[in-house]
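Here is a quick tour of a small set of computed features, written for someone who likes to poke at the atoms directly. Have a look at the model first, then read on.

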Amino acid sequence: SSSKESLIAVAQVPSFTVTVAGRDIQVSGGSAGRSYTLIDMQGRVLRKGILADANVVIPVDRAGSYLVRVGSQVRRVSVK
């Protein structure tokens with residue numbers, strides 16, 4: 001009897017980082033072509049788009065906590 005090995009392919013999704021500069025949320029390390037979404041804590045979508053390159057700056061109108069989603073990954077950020 002022969003033994004067969006099963007190979008499982010795992011898609012490596014690049015991680016991204018989120019920083020705040022004033023009222024701008026800076027997303028770094030995302031993959032170009034992936035979608036991003038800015039969501040407030042009430043679940044409202046404030047901004048969405050496609051990353052043109054690995055970095056994007058998302059301006060926000062007011063201080064508060066937000067969720068930034070790139071692809072299937074989510075980061076929470078506080079703007080002061």
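What share of the contacts in the protein with a separation of 6 or more comes from residues 24 or more positions apart? The figure is 50%. Keep in mind that this is a predicted model.

**Overall make-up**

The protein has seven strands and zero helices, so reading from the N terminus you just get β-β-β-β-β-β-β. Of its 80 residues, 24% are buried. The accessible surface is about 5600 Å², and carbon and sulfur atoms account for 49% of that.

**The core**

The largest nonpolar core holds 14 residues. Those with the most contacts inside it are I25, V27, L38, I58, Y66, V68 and V70. Two or more core residues come from each of β2 (24-28), β3 (35-40), β5 (56-59), β6 (64-70) and β7 (73-79). The largest share belongs to β6, which gives three residues.

I25 is a handy place to start looking around. Leaving aside neighbours within four places in sequence, I25 is in contact with V18, T19, L38, V56, V57, I58, V60, Y66, V68, V77 and V79. One of these, I58, is also the bridge partner of I25 in β5.

**The three-stranded sheet**

That bridge belongs to the pairing of β2 with β5, which is antiparallel and runs over four bridges. The two strands are part of an open sheet of three, ordered β1-β2-β5, with antiparallel pairing. Why is one side of β1 (17-21) and of β5 left without a neighbour in the sheet? Both stand at the edges and each has a single partner strand, so one side stays unpaired in the sheet. On average, neighbouring strands here are turned by 25 degrees against each other, ignoring direction.

**The salt bridge**

The count of salt bridges comes to one. D40 pairs with R44, and their closest N and O atoms are 2.7 Å apart. How do the two partners compare in accessibility?

| Residue | Relative accessibility | Class |
|---|---|---|
| D40 | 6% | buried |
| R44 | 49% | partly exposed |

D40 counts as buried because its 6% relative accessibility falls under the 20% cut-off. R44, at 49%, counts as partly exposed, because exposed means over 50%. The salt bridge therefore joins a buried acid, D40, to a partly exposed partner, R44.

How values were computed
Residues are numbered from 1 along each chain as its sequence is written. This is a predicted model: local features need pLDDT of at least 70, side-chain atom pairs count only at pLDDT 80 or more; totals for chains, interfaces and linings use all residues. Side-chain values use heavy atoms; hydrogens and water are left out. Buried means under 20% relative accessible area, exposed over 50%, partly exposed in between (1.4 Å probe, protein chains only). Contact means heavy atoms within 4.5 Å. Accessible areas come from the Shrake-Rupley method with a 1.4 Å probe; for residues, only the protein chains shown count as cover. A nonpolar core is a set of buried Ala, Val, Leu, Ile, Met, Phe, Trp, Tyr and Cys residues joined through side-chain atoms within 4.5 Å. Two strands pair if DSSP finds at least two bridges between them. Axes are lines fitted to C-alpha atoms, for helices over the stretch in contact, and angles run from 0 to 180 degrees between N-to-C directions. A salt bridge is a side-chain nitrogen of Lys or Arg within 4 Å of a carboxyl oxygen of Asp or Glu.
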